[in-house]
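Q: Please examine one part of this structure closely, and set out how its residues and its surroundings fit together. A connected account would be preferred to a list.

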Amino acid sequence: MNYSSDILPLLINYIGMELDSLSGRSNIFVNNVDINGLSLTCADGKLFTESHRRTKIVFEKLLEEEMVHVDAALENSGSRRNIPETLLANLPFIEFGKVNNRQHLFLQEEDTHELGTIKQRM
């Protein structure tokens with residue numbers, strides 16, 4: 001799977017959607033997605049622009065290891081670290097769950113839920 005050819009087209013489908021965060025307290029509304037990044041409205045009502053860089057880093061780590069702790073993959077860098085996590089968790093082939101009391105994303109071999117929804121791993 002390739003971020004630019006496989007994931008970016010899926011992210012474009014998020015335009016106009018409110019995506020649930022894993023915590024349920026940091027949902028994001030997707031205003032626009034293009035090759036340069038995403039225009040989002042965060043739960044606090046502030047507009048935020050996010051490049052694809054951080055989401056791509058997390059996704060590539062997920063491809064390598066099939067599960068990832070987002071903060072560890074990003075080396076605790078940046079503000080609003082929940083954004084890459086939320087964007088990826090709302091893809092139909094990524095689930096979330098806890099390992100050692102830390103939230104992780106899990107890559108699945110096939111779709112397990114609808115695009116724009118989240119699913120907790122059993």
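A: Two residues are in contact here when heavy atoms of theirs lie within 4.5 Å. The model is a predicted one, and the part chosen for examination is helix H4, which comprises residues 82-89.

Glu 85 belongs to this helix. Its relative accessible area is 15%; because buried means under 20%, Glu 85 counts as buried. When residues up to four places away in sequence are not counted, Glu 85 touches Leu 22, Val 70, Gln 103 and Leu 105.

Leu 87 is likewise found in H4, and at 0% relative accessibility it is buried. Leaving aside neighbours within four places in sequence, Leu 87 is in contact with Leu 11, Tyr 14, Leu 19, Ile 28, Leu 38 and Thr 55. A further relation is given by Asp 20, which is 67 residues from Leu 87 along the chain, while the C-alpha atoms of the two are separated by 9.1 Å.

The contacts of Glu 85 lead to the sheet. H4 lies across strands S6 and S7 and runs at about 40 degrees to S7. Strand S7 covers residues 102-107, and among the residues touched by Glu 85 are Gln 103 and Leu 105. The sheet is open and has three strands in the order S5-S7-S6, with antiparallel pairing. Strands S5 (67-68) and S6 (94-99) stand at its edges; each has a single partner strand, so one side of each is left without a neighbour in the sheet. S5 is joined to S7 by two bridges, and Val 68 stands opposite Leu 105 in S7.

The contacts of Leu 87 lead instead to helix H2. Thr 55, one of the residues in contact with Leu 87, is buried in H2, as are Arg 54, Val 58, Phe 59 and Leu 62. These buried residues cover an arc of only 130 degrees around the axis, which puts them on the same side of H2. The face turned away from that buried side carries Arg 53 and Glu 64, both exposed.

The length of H2 can be checked as well. The helix has 13 residues, 53-65, and at 1.5 Å a residue it should span 18 Å; its end C-alpha atoms are 19 Å apart, which agrees with that expectation. H2 is followed by Glu 66, whose phi is positive, near 65 degrees.

In summary, H4 lies across S6 and S7, and Leu 87 of this helix has Thr 55 among its contacts, a buried residue of H2.

Key: Residues numbered from 1 in each chain as written. Predicted model: local features only at pLDDT ≥ 70, side-chain atom pairs only at ≥ 80, totals over all residues. Heavy atoms only, no water. Helix = DSSP H or I, 4+ residues; strand = E, 2+ residues; numbered from the N terminus. Expected span 1.5 Å × (residues − 1). Buried < 20%, exposed > 50% of the residue type's maximum accessible area, 1.4 Å probe, protein only. Arc of directions from axis to C-beta. Pairing = 2+ DSSP bridges. Axes fitted to C-alpha atoms, helices over the stretch in contact; angles between N-to-C directions.
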